[in-house]
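Reader: I am new to this structure. Could you take me through it in short questions and answers?

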Amino acid sequence: MSRPIVEITHAEEFAAAHQLVAAHLSEEENRALYGPCFTRHGHNYVVEVVVRGPLDGPTGMVMDLNVLMRMMREELLEHVDHKDLNVDVPFLAGIVPTAENLAIAFWERLAPRLAQVEGCQLARVGVIESRANRADYCGQNS
Ligand code: NI
């Protein structure tokens, strides 16, 4: 019998500072484009990771949540929590730290790790910046 495919979501929080500034624009143009986000400020972010895979009957799980939490800690949280996203995080160097770009950068770090878990794949990374704003990335193929 084929195993049901299930998506699980795990969310973690981190606090970080950022400033939205595009290198190709003048200070005046950046201020007009990004408004208050051109000024350095902080967010209490939530990152949601969705993993899709076949349910393991005996355990009733798609994957070991402790393993997923460790991957998120090692690949994401240890690098971004209480950091300045514009200057402190090598894997964000040279990109504007919008929620969109964070979701893509986090995907690139997590996807290879999750590919090592039998049958599982990364389905979505969501970055929630505030109650009003979030960005979701589901990989290049979707
Ligand atoms: Ni912001």
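The questions below go through a predicted model, starting with its metal site.

Reader: Which residues coordinate the nickel ion?
Author: The nickel ion is held through NE2 atoms, at 1.9 to 2.1 Å. Along the sequence the donors follow the spacing H-x22-H-x1-H. The donor residues are His 18, His 41 and His 43.

Reader: How many residues apart are His 18 and His 43 in sequence?
Author: His 18 belongs to strand 1, and His 43 belongs to strand 2. Both residues are buried. The pair links distant parts of the chain, and the separation is 25 residues.

Reader: Which side chain of opposite charge is nearest to Glu 129?
Author: Glu 129 sits in the loop between strand 4 (121–128) and strand 5 (134–137). Beyond its neighbours within four places in sequence, Glu 129 is in contact with several residues, including His 18 and His 43. Glu 129 is buried but has no salt bridge. At 11 Å, the nearest side chain of opposite charge is Arg 134.

Reader: Is Glu 48 buried or exposed?
Author: Glu 48 lies in strand 2 (residues 41–54). Its relative accessibility is 16%. The limit for burial is under 20%, so Glu 48 counts as buried.

Reader: With which side chain does the side chain of Glu 48 make a polar contact?
Author: Leaving aside neighbours within four places in sequence, Glu 48 is in contact with Thr 9, His 10, Ala 11, Arg 124, Val 125, Gly 126, Ile 128 and Arg 134. A network of salt bridges links Glu 48, Arg 124, Arg 134 and Asp 136. The polar contact, at 2.9 Å, is with the side chain of Arg 134.

Reader: How many salt bridges does a search of the whole structure find?
Author: One salt bridge joins Asp 56 and Arg 3, with the closest N and O atoms 3.9 Å apart. Another joins Glu 27 and Arg 31, at 2.7 Å from N to O. The search of the whole structure finds 11.

Reader: How far apart in sequence are the parts tied together by Asp 56 and Arg 3?
Author: These two side chains form a salt bridge. Asp 56 is in the loop between strand 2 and helix 2, whereas Arg 3 is in the segment before strand 1. So the pair ties together parts separated in sequence by 53 residues.

Reader: Where do Glu 27 and Arg 31 lie?
Author: Their side chains meet in a salt bridge. Glu 27 is exposed, at 52% relative accessible area, and Arg 31 is partly exposed, at 43%. The two residues are 4 apart, about one turn, and both lie in helix 1.

Reader: Which helices do Arg 113 and Glu 74 tie together?
Author: The side chains of Arg 113 and Glu 74 meet in a salt bridge, 3.1 Å from N to O. They are 39 residues apart in sequence. Arg 113 lies in one helix and Glu 74 in another, so the pair ties together helix 3 and helix 2.

Reader: Why is the pair of Phe 14 and Phe 106 edge-to-face?
Author: There are 4 aromatic pairs in the count. In this one the ring centres are 6.0 Å apart. Planes over 60 degrees apart count as edge-to-face. The pair qualifies because its planes meet at 70°.

Reader: Are Phe 14 and Phe 106 buried or exposed?
Author: Phe 14 lies in strand 1 (residues 5–18) and Phe 106 in helix 3 (residues 99–114). Phe 14 has a relative accessible area of 3%, and Phe 106 has a relative accessibility of 0%. Phe 14 is therefore buried, and Phe 106 also counts as buried.

Reader: Which residues do ring pairs link into a cluster?
Author: Phe 14 and Phe 106 have been met already as an edge-to-face pair. Ring pairs bring Tyr 45 and Phe 91 into a cluster with them. The cluster is Phe 14, Tyr 45, Phe 91 and Phe 106.

Reader: What is the phi of His 82?
Author: Most residues other than glycine have a negative phi. His 82 is in the loop between helix 2 (65–80) and strand 3 (83–84). His 82 counts as exposed, at 65% relative accessibility. Although His 82 is not a glycine, its phi is positive, at about 60°.

Terms used:
Residues numbered from 1 in each chain as written. Predicted model: local features only at pLDDT ≥ 70, side-chain atom pairs only at ≥ 80, totals over all residues. Heavy atoms only, no water. Buried < 20%, exposed > 50% of the residue type's maximum accessible area, 1.4 Å probe, protein only. Lys, Arg positive; Asp, Glu negative; His and termini not counted. Salt bridge = Lys/Arg side-chain N within 4 Å of Asp/Glu carboxyl O. Contact = heavy atoms within 4.5 Å. Phe/Tyr/Trp six-rings, centres within 6.5 Å; stacked < 30°, edge-to-face > 60°. Polar contact = N/O pair within 3.5 Å; in protein donor to acceptor, adjacent residues only side chain to side chain. Donors = N, O, S within 2.8 Å, 3.2 Å for Na, K, Ca; no water.
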